[in-house]
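Me: I am a first-year student and I should like to study one part of this protein closely. Please describe how its helices are packed, and then turn to individual residues.

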Amino acid sequence: MSLELIGILAALGSAATWAVGALLLKPFAERLPAMALAFAKGIFGLVVLGGLIRLIGPDAMSWTAALVLFLSGVLGIGVADTLFFKALRELSSHTSVQLMLLGQVATIAMAVVFLGESLFWLQWLGVGLVILGVAIVLMAPEDQMGEGAEVRATRRGVLFGLGSVMAMAVSVTMAKGALDEADALTATWLRIAGGVVSLFVFAPLFYIGRGNWLSPILADWRLAVRFCLIATFVTLGGFFLSLLAMKLTPLAIANTLLSTEPLFVLLIMALFQRETPSARRLTGSLVGVAGVAIISARTLFT
């Protein structure tokens with residue numbers, strides 16, 4: 001199995017993980033402060049990943065690469081995660097994932113402009129089909145996604161979502177170059193560390209006069225344990241696999257495949273909530289799968 005194919009599978013695995021994570025984390029986002037959730041998820045992720053790195057052993061890297069990865073985490077986790085949880089508070093999981101599509105498109109543009117990436121024409125066709133398929137799936141009315149018509153997108157929620165995906169797009173573009181010097185596990189740890197430090201420094205400023213920003217999640221240890229278990233799943237599946245995909249494949253391809261999250265949301269709802277997808281969603285899913293197949297074909301047969 002080629003390294004690029006492993007990267008493609010990692011990107012799809014990450015997309016599936018984030019789709020599940022968006023559904024599992026929404027109840028927490030509705031009850032708890034966004035920054036507290038992002039901070040707790042980061043701390044738990046550092047502990048888990050730190051243990052794995054000690055067992056495996058980190059690769060050597062320059063201080064410059066380490067700093068870029070750390071700053072990438074400040075932007076992509078400290079900023080993007082907080083805005084993502086704020087968006088989940090006011091938007092449905094489906095709408096939040098929909099907004100992430102814009103971030104994937106922005107990342108592709110940044111990869112071409114700033115990193116000088118170029119793809120084979122067949123790969124560009126696959127990229128276009130994936131984006132088209134996801135767009136078709138997301139064009140259906142919100143109340144058909146099984147979350148109820150009472151969930152309505154607010155202007156503030158949309159702005160939070162847009163801010164989150166754009167911050168993440170810039171973050172992963174920064175991290176791509178540094179991944180040449182670092183293994184994906186260590187890179188994930190450094191990015192999460194940047195996010196945790198930024199939250200620890202800046203979060204109290206947003207909660208002046210509003211009490212302890214961590215107390216809601218610490219008040220119920222059972223709730224905290226459930227959240228940490230989900231956070232571990234998201235950290236290992238979402239963060240680690242996405243960086244592994246970006247390390248082994250061009251950023252444009254990795255992020256296109258990461259944008260298949262809505263297709264996984266549709267699959268999860270069909271399998272576990274017994275929802276029959278509409279013809280439009282089924283068509284979009286097939287178009288997206290065709291795009292993934294085309295992107296993978298060149299790797300499989302060369």
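Reply: The following paragraphs take two helix pairs and then two residues in turn. The structure shown is a predicted model.

Two packed helices are described by the angle between their axes and the distance between the axes. Let us begin with helix 3, which covers residues 63-90, and helix 6, which covers residues 155-178. Their axes lie 8 Å apart and meet at an angle of about 160°. Angles over 145 degrees count as roughly antiparallel, and helix 3 and helix 6 are therefore roughly antiparallel to each other. The crossing of helix 3 past helix 6 is left-handed. Sorted by character, the residues of this contact comprise 18 nonpolar, seven polar and three charged.

The second pair consists of helix 1 (residues 3-31) and helix 11 (residues 261-272). Here the axes are 8 Å apart, and the packing angle is about 60°. An angle of this kind falls outside the ranges for roughly parallel, roughly antiparallel and roughly perpendicular, so helix 1 and helix 11 are described as oblique to each other. Helix 1 passes helix 11 in a crossing that is right-handed. On the side of helix 1, the contact is formed by Leu12, Ala15, Ala16, Trp18, Ala19, Val20 and Leu23. Helix 11 contributes Glu261, Phe264, Val265, Ile268 and Met269. Of the residues in this contact, 11 are nonpolar, none is polar and one is charged.

Individual residues can be examined in the same manner. Threonine 188 belongs to helix 7, which spans residues 184-206. Its relative accessibility is 1%. Buried means under 20% relative accessible area, and threonine 188 therefore counts as buried. What surrounds threonine 188, when residues up to four places away in sequence are not counted? Threonine 188 touches Leu49, Phe239, Phe240 and Leu243. In addition, the side chain of threonine 188 reaches the backbone oxygen of alanine 184 at 2.7 Å.

Glycine 57 offers a second example. This residue is situated in the loop between helix 2 (34-56) and helix 3, the latter being the helix that packs with helix 6. The relative accessible area of glycine 57 is 32%. That value lies between the limits of 20% for buried and 50% for exposed, so glycine 57 is classed as partly exposed. Glycine 57 and threonine 186 are 129 residues apart along the chain, and their C-alpha atoms are separated by 9.0 Å.

Notes: Residues numbered from 1 in each chain as written. Predicted model: local features only at pLDDT ≥ 70, side-chain atom pairs only at ≥ 80, totals over all residues. Heavy atoms only, no water. Axes fitted to C-alpha atoms, helices over the stretch in contact; angles between N-to-C directions. Helix = DSSP H or I, 4+ residues; strand = E, 2+ residues; numbered from the N terminus. Parallel < 35°, antiparallel > 145°, perpendicular 65-115°, else oblique. Left-handed = near helix turned anticlockwise from the far one by under 90°. Nonpolar A, V, L, I, M, F, W, Y, C, P; charged D, E, K, R; others polar. Buried < 20%, exposed > 50% of the residue type's maximum accessible area, 1.4 Å probe, protein only. Contact = heavy atoms within 4.5 Å. Polar contact = N/O pair within 3.5 Å; in protein donor to acceptor, adjacent residues only side chain to side chain.
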